[in-house]
Amino acid sequence: MSLEQKINYQLNKYPAVKKYIKRAYQLACYAVSKKIKSEGHIIRISPDDPIHEYFFGYYDKSPWDATMRYMICMRAKDTWSAPDPLGTADILLIDTKEGNKVKQIATTHTWNVQQGCMAQWLGPDFKSRILYNDMRDGKYCSVVFNVEIQEERVLPIPCYTVSSDGKTALSLDFSRLHSLRLGYGYAELPEVTKGVALPNTTAVWKMDIETGEVTELLKYTDFVNLLPRLEMQEEGSVHKVNHLMFSPNGKRFMVLYRWFCGQRKYTRLVTCNVDGSNMYVLSDDDMVSHCYWKNDNEIIAFERKKEFGPGYYLMKDKTQEWQHLWGQLSNDGHPSYCPTDNNLVVIDSYPNRARVADLKLLRDTDPEGKDMKVIAKVFAPFKYDNETRCDLHPRWRQDGKAICFDGVFEGHRGLYVVGTEKGNEKQDKKHI
């Protein structure tokens with residue numbers, strides 16, 4: 001752990017003080033750093049529109065449809081004032097074969113700056129239907145919109161993750177998430193469990209997308225009772241779940257279970273069968289951040305292992321077998337595997353001292369990272385920071401030849417694409 005990480009860890013106990021110390025440190029570092037706006041063959045996909053903000057959302061979904069022609073994009077007027085804004089945002093389709101022509105297809109009332117409204121192409125074809133979260137009749141819901149016949153079907157709960165066959169979704173309490181983790185929940189409806197440290201209520205729901213049938217899958221107490229720790233049982237410890245993700249075959253899912261004891265935060269990575277059975281604590285060394293299924297049996301995660309500290313680890317589900325990858329990378333990012341090359345990983349970074357973030361390609365068959373390749377660097381203005389920061393959240397195109405990310409290096413949020421080692425985008429007129 002670096003000196004900066006050790007100081008940051010201690011300052012986490014004093015969040016109000018940390019905010020001011022962090023900003024003063026950032027300004028001092030930026031003043032003496034080399035200034036970079038962007039590097040790499042980066043192509044703007046969204047309009048060059050300084051009045052609006054354009055973005056997609058999280059790193060676990062792809063904006064491209066199966067034909068790789070159309071991309072989902074969100075449009076809003078303000079993504080820097082509030083992490084879980086009230087009001088609406090537009091859902092767009094961008095036609096990359098027609099000069100990136102934009103068409104608005106829907107409007108959502110439930111969105112945030114980190115994950116948007118969970119808009120995604122719905123399987124199994126990933127080209128005829130889009131699913132997104134919204135609020136109808138005073139309740140959070142999800143909507144399946146058929147882009148071919150322009151019809152929608154409203155489902156009774158919002159979705160967090162959807163199986164690849166498009167049949168099953170998992171959900172959580174987006175109002176509690178808003179209260180406990182700004183930038184990931186929805187602010188429109190009050191939290192029913194507000195003030196309850198450990199609710200004896202549902203934490204994870206399952207929904208049949210075809211019928212709309214909803215099943216209460218797991219309670220917060222199910223997580224507490226799974227190999228309980230003393231810290232979980234401290235008086236006043238606050239509990240939540242976040243970051244659900246299906247395995248590729250849809251038979252299991254992962255979930256981050258978090259609890260807070262004062263300013264101390266603990267996170268477990270738990271995997272589970274889709275029916276709620278066979279829960280397994282895959283990682284329990286206090287810190288787990290961003291994860292991704294490599295296949296149906298392995299998960300990559302940025303986490304802390306007591307033996308090696310923070311870094312990227314490839315774990316085998318339902319075992320304590322793991323491999324430490326790329327020891328030189330000890331700072332957090334969002335990893336995901338290439339759809340056509342199951343050893344190739346893209347990882348982003350948070351802004352460094354010069355306020356520059358990057359995208360890197362690495363192979364898990366090269367655990368020392370000798371062949372690591374940086375494919376893009378972008379500047380992050382101070383306007384976008386803390387809860388309203390713009391994480392790059394890289395996402396693969398289906399052919400592995402391009403990666404999409406959200407960026408603010410032109411002064412406002414935009415949707416961008418960069419080519420990979422498998423391909424090079426040939427649109428020089430839109431080259432940033």
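In the predicted model, Ile 42 has Val 418 of strand 29 as its bridge partner. This pairing is one element of the contact between strand 2 and strand 29 (residues 414–419), which run antiparallel and are joined by three bridges. Val 418 also stands opposite Ile 403. Ile 403 thereby introduces strand 28 (residues 402–407), which pairs with strand 29 in the antiparallel sense over six bridges. Strands 28 and 29 form a hairpin with six residues between them. Within the turn of this hairpin, Gly 411 adopts a positive phi of about 100°.

These pairings belong to an open sheet of four strands, in the order 2-29-28-27, with antiparallel pairing. The edges of the sheet are formed by strand 2 (42–44) and strand 27 (395–396), each of which pairs on one side only. In general, the strands of a sheet pair through backbone hydrogen bonds, in either a parallel or an antiparallel arrangement.

Strand 29 is mostly covered, with six of its six residues buried. The cover extends to both faces of the strand. On one side, Gly 414, Tyr 416 and Val 418 are buried; on the other, Leu 415, Val 417 and Gly 419 are likewise buried.

The nonpolar interior was examined next. The largest nonpolar core comprises 58 residues, and those with the most contacts inside it are Val 204, Phe 223, Phe 253, Leu 269 and Trp 326. Strand 16 (residues 252–261) supplies the largest share of this core, namely seven residues. Another core, of 32 residues, lies apart from it and has Tyr 54, Ile 91, Leu 93 and Val 417 among its members. Val 417 is also one of the buried residues of strand 29.

The cysteines were considered in turn. The structure holds zero disulfides. Cys 117 is in no disulfide, and its nearest cysteine sulfur, that of Cys 73, lies 11 Å away. Cys 117 counts as buried because its relative accessible area is 0%. Cys 338 is likewise in no disulfide; the nearest cysteine sulfur belongs to Cys 404 and is 15 Å away. Cys 338 also counts as buried, because its relative accessibility is 2%. For both residues, the cut-off for burial is a relative accessible area under 20%.

At the level of the whole chain, four helices and 29 strands are present. The C-alpha trace spans about 60 × 55 × 40 Å along its principal axes. The radius of gyration is 21 Å, which agrees with the value near 22 Å for a compact globule, because the chain has 432 residues. Of these 432 residues, 56% count as buried. Among contacts with a separation of 6 or more, 53% are accounted for by residues 24 or more positions apart. The accessible surface of the chain comes to about 18,500 Å², and carbon and sulfur atoms contribute 50% of that area.

Methods
Residues numbered from 1 in each chain as written. Predicted model: local features only at pLDDT ≥ 70, side-chain atom pairs only at ≥ 80, totals over all residues. Heavy atoms only, no water. Pairing = 2+ DSSP bridges. Helix = DSSP H or I, 4+ residues; strand = E, 2+ residues; numbered from the N terminus. Disulfide = S-S within 2.5 Å. Buried < 20%, exposed > 50% of the residue type's maximum accessible area, 1.4 Å probe, protein only. Core = buried A, V, L, I, M, F, W, Y, C linked by side-chain atoms within 4.5 Å. Rg over C-alpha atoms; globule rule 2.2 N^0.38 Å. Contact = heavy atoms within 4.5 Å. Areas by Shrake-Rupley, 256 points an atom, 1.4 Å probe, with all protein chains shown as cover.
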